[in-house]
Every structure is written in C-alpha cells, then in structure tokens.
Amino acid sequence: MTATEPLLSLRGVRKEFPGVVALDDVDFDVRPSEVHALLGENGAGKSTLIKVLTGADPRDRGEMWLDSESLSPRSVGEAQAAGISTVYQEVNLLPNLSVAQNLLLGREPRRFGLTDWKRMNAEARETLKRFRLDIDVSRPLSQFSVAIQQLVAIARGVDQKAKILVLDEPTASLDAGEVEILFDILRSLRADGLGIIFVTHFLDQVYELSDRITVLRNGQKIGTFNTAALPRAKLIQHMLGYELQGTTAGHAPQTTLAGTKDAALEVDGACVHGSIQNISLTALSGEAIGLAGLLGSGRTEVCRALFGLDTLSAGKICRNGIEVGITSPRGAIANSIALCPEDRKTNGIIGDLSVRENIAIALQARRGWWRPIPLREQRTLAGTAIANFRIATPDMEKPVRLLSGGNQQKVILARWLAIEPDVLLLDEPTRGIDIGAHTEILRLIQQLCDRGMALIVTSSELEELVAFSHRVVVLRDFRQIAVLEGNAITEDGILQAIAS
Amino acid sequence: MNGLRRMFAALKRHGALWPLTALGLIWLVILIANPGFFAFTVQDGRLFSGFIDILNRCAPVALIAIGMSLVIATGGIDLSVGAVMAIAGAVAANLIVGSDLPVILIVGIGLCAGLAAGLMNGTLIVGLGIQPIVATLILLVAGRGVAQLLNDGQIITFQNEAFAFIGVGILLGLPMPIWLVLFILAAMLFLTRGTALGMFIEAVGANASASRHAGIPVRSIKLAVYGIAGICAALAGLVATADIQGADANNVGLWIELDAILAVVIGGTSLMGGRYSLVLAVIGALIIQSLNTAIVLSGIPPKFNLVIKSVVIIGVLLLQSSVAQAQLASLRERLST
C-alpha cells in the first residue's frame, strides 16, 4: 500500500483514570480505504482509545485530526456529526421500532410535518441494497437475527456520511456465514474510501480482513505493522509483551508431587455446550496449574465450568479420585472449590457491604443463614485478613466499593481463604491492580501452594505463569492445545504453543 | 452537649436523623394546632391519647412496610400486598361464618393464605424470571378477584369477639394492633439480624451475581422475602377485617401498597436494593399517619390533603438525598464566604 495522507490521525493522546494511565501518549493513524485492526489484551487501552475517538470520554492531552481538521468531540453525537460512526458489540438500536425507523431515526423524511412512511421505507430499502439485504424494512428490528441487526447498525452508521467506521468486536455474536457477509460489505466500504477501525480478538479475522495492525499494551502503543508483513507468532509476542529469546531458562524448579496421592482436582474431557471442548487437567494438592491463552481462548470459561456456573455437557470432575457433580457455585463450595472471578466488580465484591461483611460472607453462606458468625468472630476474621494481606482501609466497616482495585482483590482472596478451600481458582488475579499488590498476590500463590492448596490460575502474563506454574495448560478457541510440564514451561514454550 | 452531639452523629450514621426530624416537626404542627392532642388519659383500663391513636391507625401500613422493606432490600417490590390483605380477610371471615374452627386456627389459616400468595409471587419471580413489578401486579389484580369470589361478591360480616380482639382489643392498656406491630418488628429483627439472613438479603440486593458467586442461595432468599411479605400483609388484612368485623374484598387495603413503599423509602431504603432498616420503615409509616392526622387537625380543607402530603414527602426525600445534601453544603459554603 502506498503511503497516502492519513484520514484520521492521533498524536500523543493521553488519558488517565485514578491510579491508571489508560492511554500513554499514543499515536495512531487511519488511512482512507483501509481496514486497521486495533489489538491488545484486556486493559491494553483499546476501549479507552475508542471512547476518546468517539467523544464518550474526552482525552486529557494530545491532538486529533480528521481530514486535516482538528477533532475534539465532547459527545458521541459530535463525533458522529464530524464523521466518526461506531458500532458496538451489543447492538444499540431500538429493537421495537422498524428497521426503517432505526435507519433514519432523527432524520425521518417529512410531509406536512408528519413522517412520510412511504418515502422512509423506500429510502431504507435503497440504503440496505448496498448491503445486499432484501428484508421487509417495516418490520420491527427485533424480529431479525443478531447478524442482520448488526448490519443495520453498520448501515445506519455508514449512512450518516461517515468517514471513519469503528467496529468494536462486531463478529462476537455472529456465525461463520454471517461473518463472511459482514466482511464482504466491509471490503466494499473500504473500496469506497472509508477508513475502518476493527477491534477484535479473533486473529484469523484480523489476517483475513485488515491492511494494517496497531498493537496496544498497558496503555502504550507497541507499534503499527502491515498485516502482510507480520507473522502471527510475532503479533502474539507483541500482544503479550514478550519476545522469543531462544532460551529455556526462567522457570523456577518445582518439586514434582506426582504419584503420591489422588489428585485434589481432576478434570476429564470437560465440555460445555457452546463453550469449552474436551478440557482435561489434573491438579495435586500443593500444585499451581497455569491456564494460558489469548483473550477469548476459553480460560474464564474453564473456571466457570469448574465452579458450577456453567454445567458440563460431557466429561467429569473428580475431587480426590471421586466424581463430583457440580451444578452451582454452592455445589462447588460444598466440594471445597472456590473462585476469584475475573470481573471483580460484577461477580466479586458486594459494593455496598462493608469490608468485614465481604470477607465473612462466603464462610457465612457455607454455614447457613441460621448459624450466624458472631460479630466478634467476624471482626477477628476481617482484622486478621486486613493485617495479613495489608488491605489498605481506614476501618473494616467501610463499604468495599470505596477501596482500590488491588485492595478489593485482596478482600475477595481473604473471603475465600476464610473457608480454607482445597482447590482455589484464580481468574486473572493480577489484572488491573497496581504493581505492589501484584507482587503480593504472586507471593500469596506460592504460599498457598506450600500450604497444600491446589490452584488453577489464569493469566495473560507469561512471566507470571512461568514463575508459579507446576504445569501450564494452553488454550485456543475453547480447546486445550498443549500441556507444558517441568522444563518445558518457559515463556518461549508457552508463546510457541499459543501461536502454533 | 457533647453526648447530644454524639447522639446526633450516631443517628445520622444510621440514616435516622432526617426521618426523626420530620416526625418531630409534624408532631410540633399537631401540638400547635391542638395543644391537648397528645395528653394521656386512662379510662376503663385503657390508655387514651392522640399519640396512641396515630400508632393504632398506622399499624396496617407499618406491618406491611416491615415485609416490604425486606422485599425492597433484595431489589424487588411487592404491589400485591393490598390484595393479599383482602384474601386473608375473606378467608378468615368465611371460616368464622361457615365453620366452628377455633379463632387461633382461623388466624393461622389466614396467615397461611398470605404465605401462599407471597410464595406464588416469589415463584413467578425466581422460577419464571418475571420482573417483580409485573409478577406482583398479577396478584394485585387477581388477588382481589379471588377475595371477591370467596365472598361471593358480598361483604361478609360477622360477630365474633375473639377474632375482633386482634383489631379492636386492648391488652395492658394499649390497642392490640400496636402490640402486633411491636411483636412482628421484634420477631423480624430477630429473624434477620439475629441470624445472617439480613446480611444475605442486603448482599442479594446490592449485587445478586456476586452473592451467587459467594455461595449465597440467592433464589431461596428471594422466595423467602416474598413469603414474609405475604405473611405481614395477611396479618394486616386480619387486623383490618377484625376492625370493621367484616371482609370487604373491594376496599380493604386499597392503595396501601403505595403507602407501604413510601414508608420504606422515607425510612431511607433504596429501591435499588441493599441496606435496609425495619425500624426506620416503621417510623416512615408513623410519619405518613402523623401527616394525615396533622392535616385533618390543622383545619386545612380536606381537598388539600394529597397535595400537602406529597410536598412534605418530597421534602423528606430531598433531605435524605446525597445529591441534595451536597448541593446544600456547597450553597452554605458560598454563603459563608
């Protein structure tokens, strides 16, 4: 591709949230007639970049130009007026209105001050022709499949004289055939001169569609590459922040415990309908099993299945050699399995409740509501946890939502350690927390292993996985593609398995 | 002085300061309009006072507000309480007229009818995933229909002193409904605060998904609070039925769900769920009843009643809202500089 004048350019764009630099002086260009993939793991800054671009969240610093004109949208509406249209993963149209109404909302053709329905439907049909959609535009949007709704959302975006089209995970809810239709349309839009920003975690699709790739990590831009010149393995290295070094060092020698007793947790051929396929892993007491893989590879789904949040459609879970049927978190807890979930805010903390209550609640739930833990015991429990984990809080009666992310994570860890589980699942325990808390949580993982707990830990950071894992299970597309043991556990080894 | 300040701080921390202030102001208005209103006199072993009268009249709303607090704390709502009152009243009246069952058993059956109605609400919400406002709306409509069918479209009247006692009886100088409110309040405080149930209810309301992850039986908790709300509503229905010695399916407890929800909200419980206070909900019911009495006593024409009531309630809610308080604080700062 020849170097043309960029359609959209960002220079030194910075965005800070309390305690986090979400975008650290990022430069970013989109040329006309290109599909530009924006990649990175969770927390890399993709969503923040899009929010800054679409006016949902104004930038702190830096410059943006669209078509050589300075751009500072203060709302999504302003960004749209300037020519930046966004289509989100969840279709945000009005499902109870007709397709035509959705397409022309806010600029309906009028006749004597009333909506001219005939002309509106005709215009809508005309618009959709470009998308090879021949549907009854007078029917409510909700009657059509998600794929068609997505296309209508894109049609609406493009119809508003867009210059830049931002697609945030547009294919997450589409099947293969629908993805093809969408890609055909995107290619023809590209041919019309549109600049398309494409955010996804499906790398196959990136290689199928995009012209250039920009990788973000921890709020920083790693680089912009021509897709054709960037091998997949190299791309994954950029995303995970690790370069192949051709060495095998780095793995702390772990004493092998095999053969001594039944596994604390054994998973055999676990499948969940529409999710993970054929996962098998074994964790002995005192072992930490790392779950590696890119975003969307099925790491979280494995944890969900083991904790009874999703029900197995095939395969079995054994505790100490005995098969257990786990169909709910309560069932998992009864079998001494605990989970620190990935999404702390929705599934972890109970924000309005105090630090003390948040720590005591799992133990209380296991005892049953009719056997309350005396307040004095709760205070001792919380006091000990606050001291041991160095939870920064003025007092234990403070609502937990007022604590920082790292301290909230420690509260949830304390909650689970209070029930002294045999198996502890940690889903991304170090995400979104500051570096100090990060180190403490890694040290804690080691201590828990020493105390004889079996741990399953997911992480996007190879260095972490190598540091604590006795075994690493590598996942891709909801399948288990490799199990690394002993000296094979190196950052190189994991990376090669992911990229293979 | 210091102790007083500490008491104020404690009241404020528990969210009790503004509801109590409002109650005090309303009582002050009553006192100005009618200086002898609160005077206590004893007659025939019975205590008489305007104060007792307010307590007695607010009993049905207070009983329902206690159950409603728990429902609202889980993030739900129960619109069917008035209809459940009608069902319980109809069940009891028909049994009194048509059977020789002992009164205590009739009361028990009436309460069971309320429990069944509450569990039906809970099943629709938990089992079928219907939104609470819609699920209980069904019983709001259907419940009165059931009560009318039970009564065969009539108002069933009866003469039964033992049953009438729960509505008009006097125990140790005080009307029976007041004792019932105190008993239910104490029982529910014990049930929810003496155990971990209250903590679970607040956890479910504050974050249902995280509660499930922590191993709390979210569905059972929700089912339980609607059951409790049903029992509370049934008891209120029995009191109202005993009071007039008749079961009026059309009018008993009409619109009472709104007063009960209002009492809970005045007591500071958020309709989003989470923290709740049973005592403050009862104080909320007291405020509503005191307001009714104050308007009547102050000689304002009755046509102004509803408007005045709304204005006062908006005032109480504004005082409690953190947004309004922040704005007041900044205004005070600007004025003082």
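**Entry 1: a salt bridge in chain A**

I started with A:Arg14 and A:Asp24, whose side chains form a salt bridge at 2.7 Å, N to O. I then looked up where the two sit: A:Arg14 is in strand β1 (residues 8–17) of chain A and A:Asp24 is in strand β2 (residues 20–30) of chain A, so the bridge ties together parts 10 residues apart in sequence. A note to myself before going on: this is a predicted model. My search of the whole structure for such pairs came back with 26 salt bridges over all chains.

**Entry 2: where the chains meet**

Next I turned to the contact between the two chains. How many residues does each chain bring to it? I found 21 from chain B and 29 from chain A. The size of an interface is often quoted as the accessible area lost when the parts come together, and I looked that up too. Between chain B and chain A about 2,000 Å² is buried, with carbon and sulfur atoms giving 67% of that area.

I also went through the polar side of the contact. The count of salt bridges between chain B and chain A is 1. B:Arg275 and A:Glu357 meet there through their side chains, at 2.6 Å from N to O. For polar contacts between chain B and chain A, I noted 8 residue pairs, with both residues at pLDDT 80 or more.

Which elements of chain B give two or more residues to the side that touches chain A? They are α9 (197–206) and α10 (208–213) of chain B. The largest share comes from α9(B), with 6 residues. Sorting the residues on this side of chain B by type, I got 11 nonpolar, 7 polar and 3 charged.

**Entry 3: a hairpin in chain A**

Back in chain A, I followed strand β11 (residues 212–217) and strand β12 (residues 220–226), which pair in the antiparallel sense over 6 bridges. I picked out A:Leu216 and found that its bridge partner in β12(A) is A:Lys221. The hairpin of β11(A) and β12(A) has 2 residues between the strands, and A:Asn218 takes a positive phi near 50 degrees in this hairpin.

**Entry 4: other positive phi values**

Most residues other than glycine have a negative phi, and I noted two further residues of chain A that have a positive one. A:Asn278 is not a glycine, yet its phi is about 55 degrees. I located A:Asn278 in the loop between β13 (265–271) and β14 (279–283) of chain A. A:Glu420, also a residue other than glycine, has a positive phi near 45 degrees. This residue, A:Glu420, is in the loop between α14 and β19 (423–427) of chain A.

**Entry 5: aromatic pairs**

I searched for paired rings and found 6 aromatic pairs over all chains. One I opened up was A:Phe307 with A:Trp416: the ring centres are 6.0 Å apart and the planes are at 85 degrees, so I logged the pair as edge-to-face. A:Phe307 is in the loop between α9 (299–306) and β16 (314–319) of chain A, while A:Trp416 is in helix α14 (residues 405–417) of chain A, so the pair ties together parts 109 residues apart in sequence.

**Entry 6: the surroundings of B:Asp259**

Last, I had a look at B:Asp259, which lies in helix α12 (residues 256–266) of chain B. What does B:Asp259 touch, not counting residues up to four places away in sequence? I found B:Val61, B:Ile288 and B:Lys309. B:Ile288 is 29 residues from B:Asp259 along the chain, and their C-alpha atoms are separated by 7.5 Å.

Technical notes
Residues are numbered from 1 along each chain as its sequence is written. Chains are lettered from A and ligands numbered from 1 in the order in which they are written. This is a predicted model: local features need pLDDT of at least 70, side-chain atom pairs count only at pLDDT 80 or more; totals for chains, interfaces and linings use all residues. Side-chain values use heavy atoms; hydrogens and water are left out. Contact means heavy atoms within 4.5 Å. Buried area is the accessible area (1.4 Å probe) that two parts lose on being put together, summed over both. A salt bridge is a side-chain nitrogen of Lys or Arg within 4 Å of a carboxyl oxygen of Asp or Glu. A polar contact is a pair of N or O atoms within 3.5 Å; within protein, one must be able to donate a hydrogen and the other to accept it, and residues adjacent in sequence count only if both atoms are side-chain atoms. Helices (H or I, at least four residues) and strands (E, at least two) are DSSP runs, numbered from the N terminus. Ala, Val, Leu, Ile, Met, Phe, Trp, Tyr, Cys and Pro count as nonpolar, Asp, Glu, Lys and Arg as charged, and the others, Gly among them, as polar. Two strands pair if DSSP finds at least two bridges between them. Rings of Phe, Tyr and Trp (its six-membered ring) pair if their centres lie within 6.5 Å; planes under 30 degrees apart count as stacked, over 60 as edge-to-face and the rest as tilted.
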